[in-house]
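Open the model in your viewer and keep the selection tool at hand. The stops below go from sheets to helices to single side chains.

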Amino acid sequence: MRRGTNLPWVGDYNQAVVLDGIRRHPGTSRTELAAATGLTLQTVSNIVRRLLERGLVQEGVALLRDGAGRGAGKPRTALSVRPGAALAVGVQFEREHVDAVLLDLSGVVVGIDREPLPDPLAPVELVVAHAAGLVRRLVGAGGADEGGVRGVGVAVPGPLDFTGPVRSSAINLPGWRGVAIADLLAAATGLPVLVENDATAAAVGDLWRSPRTGRSFLYVHVGAGIGGGVVLRDEVLRGDSGNAGEIGHVVVDPAGPRCPCGSRGCLEAVAAPAAVVRRYVERVGSRTARAAGLRLAGRTVLDDHDLLGARAGAGDREAARVLDAAADDVARVVLGVVNVLDVSEVVLGGAGLRRSGERVRAALAARLGTAMTREVHPVAVRLGEAGEQAGALGAAGAVLHEALSSTWAGVHAPVRRVVISPVAPVH
């Protein structure tokens with residue numbers, strides 16, 4: 001649990017610390033919160049009283065001291081958040097569909113839905129209209145009115161521009177150049193909108209739903225492209241412009257294929273699903289690839305990539321070779337990032353790992369056995385629980401995280417000009 005301070009002028013920060021502690025550890029008491037945060041019991045009690053008055057926290061069964069009731073004094077009362085006190089929608093844009101989830105304050109997924117897109121080259125306005133319809137459908141199916149949903153989080157590939165109205169120039173989404181996605185979706189839904197890089201959103205989601213604290217990890221998100229989200233001791237690393245973690249644009253082969261970012265041989269250009277499918281076709285020919293079931297159309301890249309995973313498992317040596325080469329490229333880049341950041345965990349997620357996740361996990365685990373810190377601490381590698389909806393779930397978590405996990409950096413130098421606070425006023 002994060003530490004608070006007893007200085008009165010940072011009371012809002014302390015409120016976020018206490019609320020986050022209750023959320024992460026349901027059943028905790030005021031006494032335990034005081035011990036964990038370093039705040040005085042009186043300060044914690046005052047904060048809890050305000051949270052109870054606002055309906056964000058609820059009291060449960062009294063806890064006996066020392067677990068047996070032999071201690072003197074008043075029994076401790078268990079505290080937990082009220083799940084329905086704040087809800088958030090998370091939206092994730094992909095080439096062929098839009099995913100959305102409805103998340104409550106306790107981190108439970110209340111609803112999940114998907115809207116196929118009619119055309120990967122459809123105008124942005126049409127894509128946003130589909131997303132807005134999906135948000136309304138999901139909110140209605142979840143039994144919540146729009147007044148109970150405090151905001152919409154949007155996960156899109158980078159780069160993002162946060163200097164004014166948040167704009168996306170997602171290089172993996174055709175036609176997305178300088179798209180004011182927050183303004184468009186806010187106008188279409190009537191709800192506040194927070195935009196996050198998809199890999200960073202996935203990292204926030206993994207962090208926000210975890211009861212563990214003090215985590216340092218790299219989230220590797222594989223969708224149409226490859227991105228990274230970085231968390232250092234529970235702090236989300238966004239960089240000066242909010243675009244930290246672009247591991248997909250680390251050059252692994254200077255003589256490699258041209259990347260949409262303008263460079264050559266980026267990790268994304270050699271190891272993303274489209275690159276893997278392309279390499280397979282180069283090896284076996286398009287006629288053989290089509291005979292194997294690949295459709296080789298822009299909107300079917302992820303499906304073709306899944307099929308290669310299935311064929312590799314069934315004994316297709318060429319499919320196994322191209323998938324292994326891509327996994328090793330990812331592993332080499334991740335090893336470099338781990339050595340730079342000294343994280344102790346790597347989490348994998350995204351639609352591009354539906355059938356090849358274990359192959360990539362194994363390649364990373366083997367490579368990370370040579371990490372510089374291997375004799376100090378191991379580096380664990382695991383597949384994220386959120387799967388291909390990691391970005392959407394993380395975007396919803398990011399809306400709540402902005403208010404519930406206040407930090408010194410976030411309070412005094414926010415990356416975003418406008419910060420959604422679903423449980424305002426926390427900041």
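**First sheet**

Select β4 and β5: seven bridges join these strands, which run antiparallel. This is a predicted model. For one rung of that ladder, pick V101; its bridge partner in β5 is I112.

Now widen the selection to the whole sheet. Five strands make it up, in the order β5-β4-β3-β6-β9. The sheet is open and its pairing is mixed. Colour β5 (109-116) and β9 (193-197) to mark the edges. Each has a single partner strand, so one side of each is left without a neighbour in the sheet. Look along the sheet for its twist, which averages 20° from one strand to the next.

Add helix α5, residues 181-189. The helix packs on this sheet and touches β3, β6 (149-156) and β9. Its direction makes about 145° with that of β9.

**A helix that meets both sheets**

Next, select α6, residues 198-208. On the sheet you have just seen, α6 lies across β4, β6 and β9. There it runs at about 105° to β9. Now show β10, β11 (226-232), β12, β13 and β14: α6 lies across these strands too. Its angle to β10 is about 130°.

**Second sheet**

Stay with those strands. Which order do the five strands of this open sheet take? They run β12-β11-β10-β13-β14, with mixed pairing. The edges are β12 (235-237) and β14 (380-383). Each pairs with a single strand, so one side of each has no neighbour in the sheet. The twist here averages 25° from one strand to the next.

Zoom in on β10 (residues 217-222) and β13 (residues 345-349). These two run parallel and are joined by five bridges. Label V220 and then L348, its bridge partner in β13.

Finish this sheet with helix α12, residues 357-367. The helix lies across β13 and β14, and runs at about 175° to β14.

**Helix α2**

Move to α2, residues 30-37. Which residues of this helix are buried? Select R30, L33, A34 and T37. Turn the view until you look down the axis: the buried residues fall within an arc of 100°, so they line one face of the helix. An α-helix has 3.6 residues a turn, so residues three or four places apart point the same way. Step on to G38, which follows α2 and has a positive phi, near 80°.

**A loop residue and its contacts**

Go back to the first sheet and find E96, in the loop between β3 (87-93) and β4 (97-104). Is this residue buried or exposed? E96 has a relative accessibility of 15%, so it counts as buried. Show what surrounds it. Leaving aside residues up to four places away in sequence, E96 touches P116, L117, R299 and L302. Draw a distance from E96 to R299: their C-alpha atoms are separated by 5.8 Å, though the two residues are 203 apart along the chain.

**Charges over rings**

Two arginines close the tour. Select R23 and W208. The charged end of R23 sits over the ring of W208, at 3.9 Å from its centre. Then select R215 and F217. R215 lies over the face of F217, 4.2 Å from the ring centre. How many aromatic pairs does the structure hold? One.

Definitions and conventions. Residues numbered from 1 in each chain as written. Predicted model: local features only at pLDDT ≥ 70, side-chain atom pairs only at ≥ 80, totals over all residues. Heavy atoms only, no water. Phe/Tyr/Trp six-rings, centres within 6.5 Å; stacked < 30°, edge-to-face > 60°. Lys NZ or Arg CZ within 6 Å of the ring centre and 35° of its normal. Helix = DSSP H or I, 4+ residues; strand = E, 2+ residues; numbered from the N terminus. Buried < 20%, exposed > 50% of the residue type's maximum accessible area, 1.4 Å probe, protein only. Contact = heavy atoms within 4.5 Å. Arc of directions from axis to C-beta. Pairing = 2+ DSSP bridges. Axes fitted to C-alpha atoms, helices over the stretch in contact; angles between N-to-C directions.
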